[in-house]
Amino acid sequence: MRKAKPKKRVILPDPVYNDQKVSKFVNHLMYDGKKNKSYEIFYASLDIVKGKMEKEEKSALDIWKQALDNVTPQVEVKSRRIGGATFQVPTEIRPERKESVSMKNLISFARKRSGKSMAEKLAAEIMDAYNNQGGAFKRKEDMHRMAEANRAFAHFRF
């Protein structure tokens, strides 16, 4: 090994739900170190979700967690050069990376949406992901389709 692995940083749970996953999501959502603003956006979007999906028996946090699970990819393709050719090799994703990729996809597709505030856009993306639709869910499906199409190259795994 070339270098020592960096220490894993301990992420403190968020103040409202006392959940580490929420803190990680807010850290991905944050711009320019504005963590309070990110927390405001996240909590506002969960309030919007609660208001629009009151027929669900789950809490807004459970809906958000289910939405994250729905957009979490299991496999991805990585480029690998063998000979002169570049192959797209399907590989399984580590659990930490799965979580990170799903959060980043949810946030990036929420940012691309048309809407008034980021809280509303994020709430709409969370509800779409919960119902297995929307941009982030489509990205997961595309990743799985790519991996399935390139399954013949799975023996080139790293």
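The legends below accompany an overview and several close-up views of a predicted model of one protein chain.

**Figure 1. Overall fold of the protein chain, with 6 helices and 2 strands.** Read from the N terminus, the elements follow the order α-α-α-β-β-α-α-α, and the C-alpha atoms occupy a box of roughly 55 × 35 × 30 Å along the principal axes. Of the 158 residues in the chain, 38% are buried, while the accessible surface comes to about 10200 Å², with 50% of that area belonging to carbon and sulfur atoms. Among the contacts with a separation of 6 or more, 61% are between residues 24 or more positions apart. The chain carries 34 positive and 20 negative charges, and the mean positions of these two sets lie 10 Å apart.

**Figure 2. Helix α5 (residues 118–130) and its cover.** The end C-alpha atoms of this helix of 13 residues are 18 Å apart, which agrees with the 18 Å that should be spanned at 1.5 Å a residue. Helix α5 is mostly covered, since 11 of its 13 residues are buried; among them are the residues M118, A119, L122, A123, I126 and M127, together with the charged residues K121, E125 and D128. The cover over these buried residues includes α1 (20–29), α2 (35–52) and α3 (60–70), and also α4 and α6 (135–149). Just after the helix, N132 adopts a positive phi of about 55°.

**Figure 3. Surroundings of S102 in helix α4 (residues 95–112).** With a relative accessibility of 1%, S102 falls under the 20% limit and therefore counts as buried. When neighbours within four places in sequence are left aside, the contacts of S102 are with L68, V71 and T72.

**Figure 4. The salt bridge between E76 and R97.** Side chains of opposite charge can pair when their charged atoms come close. In the pair shown here, which belongs to a structure that holds 10 salt bridges, the side chains of E76 and R97 meet with an N to O distance of 2.9 Å. This pair links distant parts of the chain, because E76 lies in strand β1 (residues 75–82) and R97 in helix α4, 21 residues apart. The partners also differ in their burial class: E76, at 8% relative accessibility, counts as buried, whereas R97, with a relative accessible area of 35%, is partly exposed.

**Figure 5. The salt-bridge network of R113, E125 and D128.** The side chains of R113 and D128 meet in a salt bridge with an N to O distance of 2.2 Å. This pair, too, links distant parts of the chain, with R113 in the loop between α4 and α5, D128 in helix α5, and their positions 15 residues apart in sequence. R113 is partly exposed, having a relative accessible area of 25%, while E125 and D128 are both among the buried residues of α5. Together, R113, E125 and D128 are linked in a network of salt bridges.

**Figure 6. The salt bridge between E148 and R151.** The closest N and O atoms of E148 and R151 are 2.9 Å apart. What degree of exposure does each partner have, partly exposed or exposed? E148, at 48% relative accessibility, counts as partly exposed, and R151, at 55%, counts as exposed, because the limit that separates these two classes is set at 50%.

Notes. Residues are numbered from 1 along each chain as its sequence is written. This is a predicted model: local features need pLDDT of at least 70, side-chain atom pairs count only at pLDDT 80 or more; totals for chains, interfaces and linings use all residues. Side-chain values use heavy atoms; hydrogens and water are left out. Helices (H or I, at least four residues) and strands (E, at least two) are DSSP runs, numbered from the N terminus. Buried means under 20% relative accessible area, exposed over 50%, partly exposed in between (1.4 Å probe, protein chains only). Contact means heavy atoms within 4.5 Å. Accessible areas come from the Shrake-Rupley method with a 1.4 Å probe; for residues, only the protein chains shown count as cover. Lys and Arg count as positive and Asp and Glu as negative; His and the chain ends are not counted. The place of a charge is taken as NZ of Lys, CZ of Arg, CG of Asp or CD of Glu. The expected span of a helix is 1.5 Å times one less than its number of residues. A salt bridge is a side-chain nitrogen of Lys or Arg within 4 Å of a carboxyl oxygen of Asp or Glu.
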